[in-house]
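Please explain how this structure is put together, beginning with the burial of one of its helices and ending with the confidence of the model.

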Amino acid sequence: MASSELTYRGQQAAAADGAHGPAESKPRTRQQLPQPLRYVLGEQRLVFSLVGMALATLVFLLLSPSTTTTTSSSSSVAHLAAVGLVSRQYQSGGAGRMAFEEGTGGVRHGRVPLGLKRKGLRVVVTGGAGFVGSHLVDRLLARGDSVIVVDNFFTGRKENVAHHAGNPNFEMIRHDVVEPILLEVDQIYHLACPASPVHYKFNPVKTIKTNVVGTLNMLGLAKRVGARFLLTSTSEVYGDPLQHPQVETYWGNVNPIGVRSCYDEGKRTAETLTMDYHRGANLEVRIARIFNTYGPRMCIDDGRVVSNFVAQVEGLMKLMEGEHVGPFNLGNPGEFTMLELAKVVQDTIDPNARIEFRANTADDPHKRKPDITKAKELLGWEPKVALRNGLPLMVQDFRTRIFGDQKQQQPDGSE
Ligand SMILES: O=C(O)[C@H]1O[C@H](OP(=O)(O)OP(=O)(O)OC[C@H]2O[C@@H](n3ccc(=O)[nH]c3=O)[C@H](O)[C@@H]2O)[C@H](O)[C@@H](O)[C@@H]1O
């Protein structure tokens with residue numbers, strides 16, 4: 001059919017010349033319309049467009065949760081949960097909410113369901129190339145989340161996460177958290193910090209800067225994108241405790257001007273900032289106080305005394321997914337003297353290991369033992385691996401790294 005522009009133009013020209021009689025007045029009416037309108041009206045394009053729009057609106061209304069207010073949003077979520085269309089994170093209070101959700105309330109936008117399968121979260125792990133962080137990354141990727149590791153490799157090693165290279169859900173960024181960074185994520189696990197005395201005393205000003213400015217930056221990011229934020233604090237916030245064992249309500253006994261203060265006071269300030277963002281900006285936060293943890297991938301020169309295996313990671317994830325802010329003590333309440341520990345090393349690793357007695361380092365706490373009643377009751381968590389079973393696993397990992405011994409590695413990277 002001759003409906004090209006050239007034909008129409010030809011007809012227009014002819015009409016202008018007055019070459020056609022009154023019988024052609026109808027086609028001339030449409031021809032007098034502007035070109036875009038003539039195109040829309042031609043070949044029933046308008047009808048098809050309207051039908052298409054009506055169908056799209058219908059589908060959107062049927063599947064989308066109502067999004068005008070928080071209340072209506074949650075009732076829609078309840079409805080969608082009933083038909084199995086909404087993810088576990090959304091129901092559990094917003095950990096998996098969309099990053100564009102408004103900060104402190106008011107208008108909330110619902111999630112448009114894309115399928116029946118649980119949608120993985122986008123998670124940042126600062127310090128994710130470190131000892132605890134890298135085990136956490138393994139677990140998050142295994143459950144289907146997308147993970148971005150942010151690490152300056154001060155004590156962390158690329159090798160700790162190298163087995164994830166090529167996984168499309170894994171990204172690694174060399175970045176120092178004392179500088180701001182902008183990422184679109186649902187959850188932030190903030191672990192970046194030198195954690196052992198040998199490392200945190202190396203550059204005390206940098207240590208406290210990492211704890212204060214680094215935590216401030218990550219809290220700012222969480223606020224901006226509406227992510228849930230978890231801080232890994234430490235048993236060191238109790239200092240040299242006057243109460244034993246330590247319950248989370250104990251405020252501690254910390255020297256503010258000692259050689260360990262950069263870490264102790266730094267972590268205490270990080271906790272303060274976390275709670276102030278929670279109260280002031282309504283940020284969803286979680287605080288874990290980790291008691292000395294040991295296991296495969298620990299820095300060979302770490303030097304910390306062991307007390308708990310890496311099942312800590314389980315506790316961190318339960319805390320992040322649960323309803324409680326904390327702080328929670330995560331550690332092993334099993335107590336032993338240094339001499340008892342040395343004997344376990346002789347029994348399980350090397351009967352010829354020599355025991356030497358040396359002076360303690362400055363400000364080292366005399367004893368610490370977590371009271372984990374709160375974690376047991378509210379998170380359903382407690383450590384599982386006894387020292388005698390856990391220690392040989394760490395030693396095997398050290399041997400492999402130092403001497404290149406063979407070890408058995410699972411396909412998911414776990415040992
Ligand atoms: O037991 C604890 O209390 C500590 O447990 C973990 O520390 P851990 O995994 O044992 O220590 P590392 O293996 O040294 O991991 C720390 C990670 O942070 C990174 N980091 C350190 C310093 C820094 O400025 N930025 C940064 O990204 C390191 O490179 C490393 O990958 C947590 O990362 C600490 O925040 C927590 O205080």
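In this predicted model, helix 9 carries a series of buried residues: Thr-207, Ile-208, Thr-210, Asn-211, Gly-214, Thr-215, Met-218, Leu-219, Leu-221, Ala-222 and Val-225. An α-helix has 3.6 residues a turn, so residues three or four places apart point the same way. Among the elements that cover the buried residues of helix 9 are strand 1 (122–126), strand 4 (187–190) and strand 5 (228–234), together with helix 8 (197–200) and helix 10 (261–281).

Helix 9 itself comprises 22 residues, 204–225, and spans 31 Å between its first and last C-alpha, close to the expected 32 Å. A kink of about 30 degrees is nevertheless present, centred on Thr-210, which is also one of the buried residues. Just beyond the end of helix 9, Gly-226 adopts a positive phi of about 70 degrees.

The ligand is surrounded by 26 residues, of which Gly-127, Gly-130, Gly-156, Leu-191 and Ala-195 come nearest. Helix 7 (131–142) and strand 5 are the elements that each supply two or more residues to this shell; helix 7 contributes the most, with three. By character, the shell consists of 13 nonpolar, 11 polar and two charged residues.

Confidence remains to be considered. The chain has a mean pLDDT of 76, with 67% of its residues at 70 or more. Over residues 65–110 the pLDDT stays under 50, and the model gives this stretch 68 contacts beyond four places in sequence. Residues 305–309 also have a pLDDT below 50, with 22 contacts beyond near neighbours in sequence. For the complex, the predictor reports an ipTM of 0.91 and a pTM of 0.68.

Definitions and conventions:
Residues are numbered from 1 along each chain as its sequence is written. This is a predicted model: local features need pLDDT of at least 70, side-chain atom pairs count only at pLDDT 80 or more; totals for chains, interfaces and linings use all residues. Helices (H or I, at least four residues) and strands (E, at least two) are DSSP runs, numbered from the N terminus. The expected span of a helix is 1.5 Å times one less than its number of residues. The bend at a residue is the angle between axes fitted to the seven residues ending there and the seven starting there. A residue is buried if 20 or more other C-beta atoms lie within 10 Å of its own, exposed if 12 or fewer, and partly exposed in between; C-beta atoms are placed from the backbone. Two residues are in contact if their C-beta atoms, placed from the backbone, lie within 7 Å. A residue is near a molecule or strand if its C-beta atom, placed from the backbone, lies within 6 Å of it. Ala, Val, Leu, Ile, Met, Phe, Trp, Tyr, Cys and Pro count as nonpolar, Asp, Glu, Lys and Arg as charged, and the others, Gly among them, as polar. pLDDT is the predictor's confidence in each residue, from 0 to 100.
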